[in-house]
Amino acid sequence: YMGNLTDSQLPNLLPAGENLFSQLLLLDLSDNHLTIQSCEHLVGMDIFRNLQKLNISRNPIEKGVLKLLDKIDQEKSPMKELLLSQIGLNTNALDHCIIRYGNQIFSKLKVLDIPFNYLSPLVIYDLLFVLSIDIKSLNLAGTVNEVSKSIPFTRQAMCRFVHLDTFDFSYNT
C-alpha cells in the first residue's frame, strides 16, 4: 500500500521501462492522488503480465481506468481482483468497458469492487451477464443513482452466481 502519492512522485517510486516489478501479483495504489497521467505512467511499466489484484480505489481517474484495462487486456493479465471504489466511474465508461473487455477481463474476475460510483441500473444489469459465474465477491454499494429506475436483479441474472459468497448492494436508492 502506498498512500498519498502524487503524479510527480510516482515515476521516482515506480520507474517505467524497468523490470523491477515484472513478477508483481498485487498492486494497491488506493487513496492516492493518481490522475490520467499516473495511469499512463503505469501502462508504461512491466507490471501487468502477472498481476492478479489491482486496487486503485479512491482516486479520481475514471478515464485513466480505460488505459489500465487496455494494458491488462493486451498483457493477458490473470487479473482476479479489481477494486475500483470511488473513482468517478460513470455509466458510459463502465458500459464501454463491458463491451470492450467483457470476455477478456470481467469474465475472469473472482472479486469486483466498484462501490460508490455513478452507474445506472441498466449498465449494472449488463455487467451481471459478463461477470464470471465463478465470481466470489461483488460490491455494488452506493452505485445506483437513478431513483426512477428499478433495481436490475432478476432471477435469470443472479442465479448464475452459484459461488458468490459476498454481495453488497447497500446504500442504493
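Let us start in the middle of this predicted model, where Leu 82 has Leu 112 of strand β4 as its bridge partner. The two strands involved are β3, residues 81-83, and β4, residues 111-113, and they pair in the parallel sense over three bridges.

From this pair we can step out to the whole sheet. Six strands lie in the order β1-β2-β3-β4-β5-β6, forming an open sheet with parallel pairing. At the edges stand β1 (26-28) and β6 (166-168); each has a single partner strand, so one side of each is left without a neighbour in the sheet. On average, neighbouring strands here are turned by 5° against each other, direction ignored. As background, strands of a sheet pair through backbone hydrogen bonds, in either a parallel or an antiparallel way.

How do the helices fit in along the sequence? The protein follows the pattern α-β-α-β-α-β-α-β-α-β-α-β, with six helices and six strands.

Helix α2, residues 36-43, makes a good stop on our tour. Its buried residues include Ser 38, Cys 39, His 41 and Leu 42. They cover an arc of only 155° around the axis, which puts them on the same side of α2. In an α-helix there are 3.6 residues a turn, so residues three or four places apart point the same way.

Now let us look inside. The largest nonpolar core has 45 residues, and those touching the most other members are Leu 54, Leu 94, Phe 106, Leu 112, Leu 127 and Leu 131. Two or more residues of this core come from each of α2, α3 (62-74), α4 (91-101) and α5 (121-130). Leu 112, the bridge partner we began with, turns up again around Leu 127: leaving aside neighbours within four places in sequence, Leu 127 is in contact with Leu 94, Ile 98, Phe 106, Leu 112, Ile 114 and Leu 140. For the protein as a whole, 86% of the contacts with a separation of 6 or more are between residues 24 or more positions apart.

Two loop residues deserve a look before we leave. Arg 58, in the loop between β2 (53-55) and α3, has a positive phi of about 60° although it is not a glycine. Phe 116, in the loop between β4 and α5, likewise has a positive phi, near 55°, without being a glycine. Are these residues buried or partly exposed? Arg 58 is partly exposed, with a relative accessible area of 34%, and Phe 116 counts as partly exposed at 35%.

Finally, the outside: the protein exposes about 8400 Å², of which carbon and sulfur atoms supply 52%.

Terms used. Residues are numbered from 1 along each chain as its sequence is written. This is a predicted model: local features need pLDDT of at least 70, side-chain atom pairs count only at pLDDT 80 or more; totals for chains, interfaces and linings use all residues. Side-chain values use heavy atoms; hydrogens and water are left out. Two strands pair if DSSP finds at least two bridges between them. Helices (H or I, at least four residues) and strands (E, at least two) are DSSP runs, numbered from the N terminus. Axes are lines fitted to C-alpha atoms, for helices over the stretch in contact, and angles run from 0 to 180 degrees between N-to-C directions. Buried means under 20% relative accessible area, exposed over 50%, partly exposed in between (1.4 Å probe, protein chains only). The arc is that of the directions from the helix axis to the C-beta atoms. A nonpolar core is a set of buried Ala, Val, Leu, Ile, Met, Phe, Trp, Tyr and Cys residues joined through side-chain atoms within 4.5 Å. Contact means heavy atoms within 4.5 Å. Accessible areas come from the Shrake-Rupley method with a 1.4 Å probe; for residues, only the protein chains shown count as cover.
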